[in-house]
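Here's a quick briefing to read with the model open beside you. It goes from the core to a sheet, and then to a few residues worth a look.

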Amino acid sequence: QVRLVESGGGLVQAGGSLSLSCAASGRPVGNYYVGWFRQAPGKEREVVGAISWSGLRTYYVDSVKGRFNISRDNARDTVTLQMNSLKPEDTGIYYCAAKTGSGWTDGYDYWGQGTQVTVSS
């Protein structure tokens, strides 16, 4: 099975940027769709976006379209979430997740431990 580790979270002011990385080990990340999710305090976890095996296709939830970008480097077994123009409502724990099948928002089998993102106003 694949193991996922997120990094790159932190505290940033509104309007700033952060880049989160998801490092995979155990199996090549190219075998998996990878999604990014977040969970704000007191709220349910929600999908932020996802990327297909090859990276040619991506999906984003409406609230982050035009601000977030997901990319992958299968040779390095990493997937990156670039977050720009951050807003306080982007605050939460961010998780990467992987699945062998297609589809954007559900059915993920493997999860990282999460990284905290805090956006101050």
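**What's in the core**

In this predicted model, the largest nonpolar core is made of 27 residues. The ones with the most contacts inside it are Val34, Trp36, Phe68, Val79, Leu81, Met83 and Tyr94. Here's how the strands feed into it, followed by the other topics.

**Core, continued**

- At least two residues of this core come from each of strand 3, strand 4 (33–39), strand 5 (46–51), strand 7 (68–73), strand 8 (78–83), strand 9 (92–99) and strand 11 (115–120).
- Strand 3 gives the largest share of this core, with four residues.
- There's also another core lying apart from that one; it has five residues, among them Phe37, Val47, Ala50 and Tyr108.
- Methionine 83 is worth clicking on: setting aside neighbours within four places in sequence, methionine 83 has contacts with Gly16, Ser17, Leu18, Leu20, Arg67, Phe68, Tyr94 and Val117.

**The four-stranded sheet**

- An open sheet is built from four strands in the order 1-3-8-7, with antiparallel pairing.
- Strand 1 and strand 7 sit at the edges with a single partner strand each, so one side of each has no neighbour in the sheet.
- On average, neighbouring strands of this sheet are turned by 15° against each other, ignoring direction.
- At one edge, strand 1 (residues 3–7) pairs with strand 3 (residues 18–25) in the antiparallel sense, over five bridges.
- Glutamate 6 has cysteine 22, in strand 3, as its bridge partner.
- Strand 1 has two faces: Leu4 and Glu6 are on the covered one, while Arg3, Val5 and Ser7 are on the uncovered one.
- At the other edge, strand 7 and strand 8 run antiparallel and are joined by six bridges.
- Across that pairing, serine 71 is opposite threonine 80 in strand 8.

**Aspartate 73, in strand 7**

- Aspartate 73 is part of strand 7 and, with a relative accessibility of 26%, counts as partly exposed.
- A polar atom of the aspartate 73 side chain lies 3.2 Å from the backbone nitrogen of alanine 75.
- Going from aspartate 73 to leucine 56, you cover 17 residues in sequence and 12 Å in space, C-alpha to C-alpha.

**The loop between strand 8 and strand 9**

- Where does aspartate 90 lie? Aspartate 90 is in the loop between strand 8 and strand 9, and threonine 91 has its place in that loop too.
- Is aspartate 90 buried or exposed? Aspartate 90 counts as buried because its relative accessibility is 1%, and the cut-off for buried is under 20%.
- The aspartate 90 side chain makes a polar contact with the side chain of arginine 38, at 2.9 Å.
- Not counting neighbours within four places in sequence, aspartate 90 is in contact with Arg38, Arg67, Phe68, Ser85, Val117 and Val119.
- Threonine 91 is buried as well, since its relative accessible area of 18% falls under the 20% cut-off.
- The side chain of threonine 91 has a polar atom 2.9 Å from the backbone oxygen of proline 88.
- That side chain of threonine 91 also reaches the backbone nitrogen of valine 119, at 2.9 Å.
- Leaving out residues up to four places away in sequence, threonine 91 touches Ala40, Gln116, Val117, Thr118 and Val119.

Conventions
Residues are numbered from 1 along each chain as its sequence is written. This is a predicted model: local features need pLDDT of at least 70, side-chain atom pairs count only at pLDDT 80 or more; totals for chains, interfaces and linings use all residues. Side-chain values use heavy atoms; hydrogens and water are left out. Buried means under 20% relative accessible area, exposed over 50%, partly exposed in between (1.4 Å probe, protein chains only). Two strands pair if DSSP finds at least two bridges between them. A nonpolar core is a set of buried Ala, Val, Leu, Ile, Met, Phe, Trp, Tyr and Cys residues joined through side-chain atoms within 4.5 Å. Contact means heavy atoms within 4.5 Å. A polar contact is a pair of N or O atoms within 3.5 Å; within protein, one must be able to donate a hydrogen and the other to accept it, and residues adjacent in sequence count only if both atoms are side-chain atoms. Axes are lines fitted to C-alpha atoms, for helices over the stretch in contact, and angles run from 0 to 180 degrees between N-to-C directions.
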